[in-house]
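I opened a notebook on a structure that was new to me. I wanted to look up its enclosed space and some of its helix contacts.

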Amino acid sequence: MAGEFFSGAASNAIGTLMVDYLVKPIERRLRYLFRFHKLIDDLHQQQNNLNREQTRVEEDVKEAKLQIQTQVIEDYIGEWLTNVENALKDVQNLDSRVEENKRCFSLCPNWCWRYQLGKEIEKKIVYISKLVEDSHFKRIGHRAELPGLEFFTSKDILASKSSTNAFNKIREALEDDKVNMIGVWGMGGVGKTTLVKEVGKKTKESGCFRKVIEVVVSQNSIIENIQDKIADFLDSQFEKKTKEGRAGELWLQLEKEEKVLIILDDMWNEVHLKEIGIPLNENGKGCKIILTTRRKTVCESMECQVIIPMDVLESDEAWALFRMKAKLNERVPRDILQEAQKVAKECKGLPVAIVTLAAALKSTKTSKGWEVAGKKLERSKLVEIGNIGEEEKNAYLCIKMSYEYLKKETNKKCFFLCGLYPEDHSIKVEDLVRYAWGLELFGKADLIGEVRIQVLEAIDYLKDSCLLLEDEVEDEDGDGGRYVKLHDIVRDVTLWIASEEKSDFMIKSRLELLNKSSESCEGISLLDSEEKNFPDRLILSKLEILLLKNCNV
């Protein structure tokens, strides 16, 4: 009895093995030959299924990118879409081979070819069905968290991947005793100044440097001006009057100091540190330098041991910042978000362009309104803007559009008044009040207090539009006055707009421009520190405000 049982079991096992190892492989091979057309139909069915799932996932990705919670698409989504694209190309290739064989062997099929191709088609069917099965993802993306937030305390700084990377590299270079010159370069408005100021603040708080001296060099700055700014930080006065004598005094003073960091911001050309009077760090004495510039060649000519590029925001970071500034939350309809995203892309990832344009458009509540803004920006690209690069041109146009969206003419006039001041200048709001009163920007007023209220309202509106920055400086007059300032790119745009003949308030801010044309000019500002002679016999029939400093008239 037991023998019969084991004999039967053995027979069944052998039968199963024979089916698995002999019958099924033969059946599969025969299927490649005699059910070839059925395999092709199955392939096309799976192709249709995959096309359907591809469309669905791509729509989910578009939806995810528009939502503020899911800015970053998961890596496995991208990999799946790439695999799908390759698989669909493979199907097209297989179809081409089938059609080619039909033409070559229309009456009598090529059995070797059919067997080989049938085998490939079956493998592709299995692969595609697996892709279809894997298409039901639990999560498409996740919220874009900007890295390195623990490094930054300033409310003005955006902790992007680029700024975090630059911050870490600067910190490493400052800790290296062999490095005494660090260059940070990138296009205007990318955030270089804000970053190095934060570095200076952090290093001073941590005790790495006893003194941190910040000097804005700018495009037209001269050696004596740089010397004056450094002396102000050191609370010292020069005894000698020549540039060389002052350089010697600065050198001796800085050479005695320990752990001094000097930030030379917005450099346009090479400057010789010895001419200024800056000794580089040696044996723990002297200074370490961080310079910022728009040109990599400046870093190279200054022989920076470490050169750090600062790039624009990545697309997900730029969109997250734009949404935040434009107040586009989760409840905003999808059609509005789609049009807003088109506008955001025109900012090309440049923070200063993003924040000003988004702030200007935050009251736009319809899809049509965003579409109009996008078309207006597109038309503006035809405008010629001086000798600037294509990337900076986008920033100019975005800021100009922000200006055009200012609701009141008085806000625009206040904006122009701020443009009368030199680059990186601290603007005392009380001075703007007096100018506005004298120019009767708000109509005739008996009391200056009435004008002050309206100027403060305009200043707050410009700040809210991200066209003006609050400036935390020590009040020189000691009367508790408030100060503001313009970002250098915003100031450039202000003067560009105001230089046009059709401008509501034409401004000339440089002597060479004044010599060329001045008849239509309503504002002249020559407040830079350089000694100059005011030109004779100018026709100034429209002049309303004249600001002069170190000027012989």
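**Cavity**

I looked up the largest cavity first and noted a volume of about 30 Å³. A cavity here is a set of points on a 1 Å grid over the protein atoms alone where a 1.4 Å probe fits but cannot get out. Points are joined across faces, edges and corners, and the volume is the space filled by probe spheres set on them. I counted one cavity of 30 Å³ or more.

The model is predicted: local features need pLDDT of at least 70, side-chain atom pairs count only at pLDDT 80 or more, and totals for chains, interfaces and linings use all residues. Residues are numbered from 1 along each chain as its sequence is written, and side-chain values use heavy atoms, with hydrogens and water left out.

Which residues line the largest cavity? I listed Cys-418, Tyr-421, Pro-422, Glu-423, Asp-424, His-425, Ile-427, Leu-486 and Arg-491; a lining residue has an atom within 4 Å of a point. This lining divides into five nonpolar, one polar and three charged residues. Nonpolar covers Ala, Val, Leu, Ile, Met, Phe, Trp, Tyr, Cys and Pro, charged covers Asp, Glu, Lys and Arg, and the others, Gly among them, are polar.

**Helices H17 and H18**

I turned to helix H17 (residues 429–439) and helix H18 (residues 448–464), whose axes come within 9 Å and cross at roughly 120°. H17 is therefore oblique to H18 (outside under 35 degrees for roughly parallel, over 145 for roughly antiparallel and 65 to 115 for roughly perpendicular). Helices are DSSP runs of H or I, at least four residues, numbered from the N terminus. Axes are lines fitted to C-alpha atoms over the stretch in contact, and angles run from 0 to 180 degrees between N-to-C directions.

The crossing of H17 and H18 is right-handed (the near helix is turned clockwise from the far one by less than a right angle; anticlockwise is left-handed). On the H17 side I noted residues including Leu-432, Val-433 and Trp-437, and on the H18 side residues including Val-451, Val-455 and Ile-459. Contact means heavy atoms within 4.5 Å. The H17 contact with H18 has ten nonpolar, no polar and three charged residues.

**Helices H5 and H6**

Helix H5 (residues 161–175) and helix H6 (residues 192–206) have axes that come within 11 Å and cross at roughly 45°. I entered H5 as oblique to H6, with a right-handed crossing. Among the residues that meet are Phe-167 and Ile-170 in H5 and Leu-195 and Val-199 in H6.

Key: Helices (H or I, at least four residues) and strands (E, at least two) are DSSP runs, numbered from the N terminus. On a 1 Å grid over the protein atoms alone, a cavity is a set of points where a 1.4 Å probe fits but cannot get out, and a pocket is an open set with protein on both sides within 12 Å along at least five of seven lines; lining residues have an atom within 4 Å of a point.
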